[in-house]
Amino acid sequence: MAKKEIAVKKYVVRLSAEERDRLEAMVRAGKNSAQILMRARILLKADVSDAGEGWSDSAIAAALNTSINNVARTRQQLVEEGFEATVKRKVNPNSARPRIFDGAAEAKLIALACSPAPQGFARWSLRLLEEKVVELSIVDKASDNTIGRTLKKMCSNRTAIGNG
């Protein structure tokens, strides 16, 4: 019965012995994210090769407590994008925030922090630096937290270089 249902599937999962072994090892170890482990279980159940079970989407969804659409999407991704893309986490390069301070701006910030403090102040505070970098058009805007992290990073780099 499962073979009939699979015959009409647009995206048929056929795993090699090596791919099956890799998926089974992933599921056994349980060290990956829940999403990746779910995909691995779906692929193992959907596999129509001789070693596979060849379950229908509805049976897989019921057994793994997931949606039929999730099963269908996993099949489709395997066929269209390949095995590696299906069992790896996608990283969206647009999800990371763009850096406020590039190398030149960091250098100017450090030079400013090392310069004498403004009149009436004993030393530079993060708030003073925040106001001054915007005033000098080093960056359009920056928070005192960003400035603190940038300076901390630079100090730790300098310490590592000095100790080396």
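The largest pocket of this predicted model encloses about 280 Å³ of space. A pocket here is an open set of points on a 1 Å grid over the protein atoms alone, where a 1.4 Å probe fits, with protein on both sides within 12 Å along at least five of seven lines; lining residues have an atom within 4 Å of a point. Grid points are joined across faces, edges and corners, and the volume is the space filled by probe spheres set on them.

The lining of the largest pocket consists of Arg97, Pro98, Arg99, Ile100, Phe101, Glu106, Thr146, Arg149, Thr150 and Lys153. Helix α9, residues 144-163, contributes the most, with four residues; helices are DSSP runs (H or I, at least four residues) numbered from the N terminus. Five lining residues are charged (Asp, Glu, Lys, Arg), three nonpolar (Ala, Val, Leu, Ile, Met, Phe, Trp, Tyr, Cys, Pro) and two polar (the others, Gly among them).

The second largest pocket has about 180 Å³. Its lining holds five polar, four charged and one nonpolar residue. Both α3 (34-46) and α5 (68-81) supply at least two of these residues, and α5 has the largest share, seven. Among the lining residues are Gln35, Met38, Asn70 and Glu81.

Helix α5 also contains Ala72. Ala72 is partly exposed at 28% relative accessible area, that is, between buried (under 20%) and exposed (over 50%), with a 1.4 Å probe and protein chains only. Its C-alpha lies 8.0 Å from that of Tyr11, 61 residues away in sequence.

Residues are numbered from 1 along each chain as its sequence is written. Local features need pLDDT of at least 70 and side-chain atom pairs 80 or more, while totals for chains, interfaces and linings use all residues, and side-chain values use heavy atoms, without hydrogens and water.

Methods. Helix = DSSP H or I, 4+ residues; strand = E, 2+ residues; numbered from the N terminus.
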